[in-house]
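Student: Please take a close look at the sheet and at what packs around it. I would like the pairing, the core and the salt bridges in one connected account.

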Amino acid sequence: MARSLFALLVLVGSILVPTSAAAADGPPLSVPEAALEASLHCPGDLAGAGHNPVLLVAGTTLTPDVFAWNYEPELTALGRPFCTVALPDNGMADIQVAAEYVVHAIRAVSAAAGRDVDIVGHSQGGMIPRWALKYWPDTRARVGDVIGLAPSNHGTVVAQAVCLPGCAPAFWQQRAGSAFLTALNSGAETWAGIDYTNVYTVLDEVVAPNLNDHGSSSLHTGQGRISNVGLQEVCPAHVADHLTTGTTDGVAFALVVDALTHDGPADPARLPADVCTRLLMPGVDPVFLAVNEAQMASVVATQVALYPHVAAEPPLAAYAR
């Protein structure tokens, strides 16, 4: 029923918006409506919660199931409604197509809630909302926060070697210097009225380099309010890698909560005095941690090993050239 409501709201909106205004909203979505609807899952009451709904976006190789044992239970405990969007092929395919799923999710969730959407994304999931915001301008008025956990905003040098024998389309596109990222980061990186929090770790072995706030994850230009926060700047001895930053890390989660509960992006000065003792976020059950992490690692390894390789980066869509 929830998905039917989303479809009805989007359909009504498309009928009421004049053609000229619809054209200004960005290019038509190429993905069938049924697939877009099926990708979106919202288990709670979006309209009656009194808070912006949180849209959770997983990283490359993963599905929304990765949030079921960390962010979902804790957002529920905090009384925060949330939705998840499943990117096609575990986020391994063309990111330009995957971005259409995020565009639909922003529109549908905002319409159902009657308020802005706050986005929390890991890795590609922290970067892909920016493609949606850049090329579908109507989404900008529907988003309050974009919170990236180890986001691949400027790609990674690691993919340069990984893609030498060919790799998945999304890996090609997340190489530092790719045509996709060049288009994404041309002009302003952020938009007025949106708060951007980018959480990174110097120990990131996937999105690199991230040694300081001029690394891959950080943003600097545009009219959005920006906070680039290194976990080791908050807690110098903190140990967090790429996956844990987006799934279990207690300091990263504290920054997410700070951004969600305050005007503007996250501010490390507001974090609790004991934040550096929080190795795990409160939604994670230590008893099942090893099992959940092993399952997550298995999904990652399977996708990396078995997803079909292509010989080159997908061409840029006409609207991005």
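Tutor:

**The sheet and its surroundings**

The sheet is open and mixed in its pairing, with seven strands in the order S1-S3-S2-S4-S5-S6-S7. Strands are DSSP runs (E, at least two residues) and helices likewise (H or I, at least four), numbered from the N terminus; two strands pair if DSSP finds at least two bridges between them. The edges are strand S1 (40-41) and strand S7 (225-230), each with a single partner strand, so one side of each has no neighbour in the sheet. The model is predicted: local features need pLDDT of at least 70 and side-chain atom pairs pLDDT 80 or more, while totals for chains, interfaces and linings use all residues. Residues are numbered from 1 along each chain as its sequence is written, and side-chain values use heavy atoms, with hydrogens and water left out.

S4 and S5 run parallel and are joined by six bridges. Isoleucine 119 has valine 146 in S5 as its bridge partner.

Next, the packing. A nonpolar core is a set of buried Ala, Val, Leu, Ile, Met, Phe, Trp, Tyr and Cys residues joined through side-chain atoms within 4.5 Å; buried means under 20% relative accessible area, exposed over 50%, and partly exposed in between (1.4 Å probe, protein chains only). The largest such core has 43 residues, and Leu40, Leu55, Ile128 and Trp131 have the most contacts inside it. Elements giving two or more residues to this core include strand S2 (54-57), strand S3 (82-85), strand S4 (117-122) and strand S5 (143-149), along with helix H5 (95-113). H5 gives the most, twelve residues. Beyond its neighbours within four places in sequence, leucine 55 has contacts (heavy atoms within 4.5 Å) that include Leu40, Val85, Ala105 and Ile119. Another core, of 35 residues, lies apart from the core of 43; among its members are Val54, Leu56, Leu260 and Val284.

At edge strand S7 there is a salt bridge, that is, a side-chain nitrogen of Lys or Arg within 4 Å of a carboxyl oxygen of Asp or Glu. The side chains of arginine 225 and aspartate 263 meet in it at 2.7 Å, N to O. Arginine 225 lies in S7 and aspartate 263 in the loop between helix H12 (250-261) and H13, so the bridge ties together parts 38 residues apart in sequence. Arginine 225 counts as partly exposed at 39% relative accessibility, and aspartate 263 as exposed at 63%. By this rule the count of salt bridges comes to seven.
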